[in-house]
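Please work through the following exercises with the sequence and the 3D structure at hand, and try each task before reading its solution.

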Amino acid sequence: MMKNYTLFFKSFICCIAILATTTASAQWEQIQVLPATQNIFVAPNGNLISSDFQFDYTGGIHYSVDKGATWTKADVEDFAYTRMIQAGEYIIASGESCHLARSKDNGVTWEVLSYAYMFTDYIPEEAITYNVAYAITYYKNKLFVADFGGGGVIYSEDFGETWTMTDRESLKFVIDGNTTIDCFYNLAENNNELLLFSVYFIYRLNETDYTWELLRSDSNFMGVSTTIDNKLICGRAIMNYNAKTPFLEYTEDGGRTWGSIAHADTTTYDCNVRAIHSDEKGMYVGLQNGGIFYTTDLGLTWLNISQGIPGINNENGTFTYNSPLVITSDEEYLYAAIYDVPWASNTASGIYRYKKENLPTASVDKIINDNVRIFAYNNTLYATQNANITIYDINGNKVKVAQNSNTVDITSLARGLYIYEAYINGNRITGKFAK
């Protein structure tokens, strides 16, 4: 089993980052009150789709055709749908009791399918009643579902009409003298390979015989993930066991090796990540009770965008936020499904949105790396050693390039925030500066 835990951005092993962050003056606004909110999904045509987790199945699926101004409850039997994905022309929602709902018209109408028959030989009938699939994905024209009750992993080539079981033997392990299969939290693709995450393990699918190769035995609830470039970035949905537990981990080679991404304040925020999302603006991470954070540089700088998220004031003066279970976005807004327990009498649970044009930015970064310093002053970007430097605007457009130089003339740049990328002695250094 490979356990090569490389540090994220090796060039920063000896870095000291002096980062001044700002908290947004903008805030989240609630656009739907929905008890026990579980999910928010943006359909291909822009419709918003939400779901909840009412224990008595009195909730369901709702959709909005006007960015959340009004909501309609869909005519579909409720099975407490916890995940939604796009699979070909279908939106697939996974629910309890081994049920899936699928929609071909952007969430307006749905049909319900069951895959319970696939697990009747492995799971007691009463357990199937409450079985749920948190791990679901569409990979190479196949719909994969990994159950949460020891049944295994199945796939469908016809969007849930019929199913095939992957190899169960390769998923078995022995604990306390008993042979069992773990509970699965996530399925995700990286480097053209399918990874499976359970409570303890990470597996890779062997597509020649549909067996599973064990990659790691310390997954520790890697329940959520997102992809930036070729990096699959994973968060753990559990409290830190110790201060050395990484905040986020990532892989670029199909799970064989892993690097880590730190939080700016590891003493305050643990790795209990309940939601993660990325888009053209950056990456967003929602914590169990710590709010929502945003980064444009893969964790070198974290910006707090929690204002407007509901919660409670504690006696010790701290604030505990309600949990964001899903974060997603369209061109204009971020959306978050903010959960509160189904028996709560308040109206805090629901769908919230945040206008992306109001996302905050970091102030000037000053990066020190083995006596290398990069900073902006009087229309010039300076480096204390010669470097190959590229400057981008905040939208990622290349605006300036300097080769083997310790200065870049930035006179022609408009006022605003910019990102630099510098290569010095084979090391890559990134940061921001304001003009």
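The exercises below concern strands and sheets in this model, which is predicted.

**Exercise 1. Find which strands stand at the edges of the open sheet with the order 8-9-10-11, and say why one side of each is left without a neighbour.**

Solution. Begin with the arrangement: this open sheet has four strands, and their pairing is antiparallel. Strands of a sheet pair through backbone hydrogen bonds, either parallel or antiparallel. Next, look at the ends of the order, where strand 8 (83–87) and strand 11 (111–114) each have a single partner strand, so that one side of each lacks a neighbour in the sheet. From one strand to the next, the twist averages 25°. Finally, turn to one edge, where strand 11 is joined to strand 10 (residues 99–103) in the antiparallel sense by four bridges, and where Leu113 of strand 11 is the bridge partner of Leu100.

**Exercise 2. Carry out the analysis for the open sheet with the order 18-19-20-21, and name the bridge partner of Tyr203 in strand 21.**

Solution. This open sheet has four strands, with antiparallel pairing. Its edges are strand 18 (184–190) and strand 21 (211–216), and because each has a single partner strand, one side of each is left without a neighbour in the sheet. On average, and with direction ignored, neighbouring strands of this sheet are turned by 30° against each other. At one edge, strand 21 runs antiparallel to strand 20 (residues 202–206) and is joined to it by five bridges; here the partner of Tyr203 is Leu214.

**Exercise 3. Decide whether the residues of strand 13 are buried or exposed, and describe which way they point.**

Solution. A residue counts as buried when its relative accessible area is under 20%. Five of the five residues of strand 13 (residues 142–146) are buried, which means that this strand is largely enclosed by the rest of the structure. In a regular strand the side chains alternate between the two faces of the sheet. In strand 13, Lys142, Phe144 and Ala146 point one way, while Leu143 and Val145 point the other way.

**Exercise 4. Describe the pairing of strand 13 with strand 12 and with strand 14, and the turns that go with it.**

Solution. Take strand 12 (residues 135–139), which pairs with strand 13 in the antiparallel sense over five bridges, Ile136 having Val145 as its bridge partner. Two residues lie between the strands of this hairpin, in which Lys140 takes a positive phi near 50°. Then take strand 14 (residues 153–156), which runs antiparallel to strand 13 and is joined to it by four bridges, with Val153 opposite Ala146. The hairpin of strand 13 and strand 14 has six residues between them, and Gly150 in the turn has a positive phi of about 95°.

Terms used:
Residues numbered from 1 in each chain as written. Predicted model: local features only at pLDDT ≥ 70, side-chain atom pairs only at ≥ 80, totals over all residues. Heavy atoms only, no water. Pairing = 2+ DSSP bridges. Axes fitted to C-alpha atoms, helices over the stretch in contact; angles between N-to-C directions. Buried < 20%, exposed > 50% of the residue type's maximum accessible area, 1.4 Å probe, protein only.
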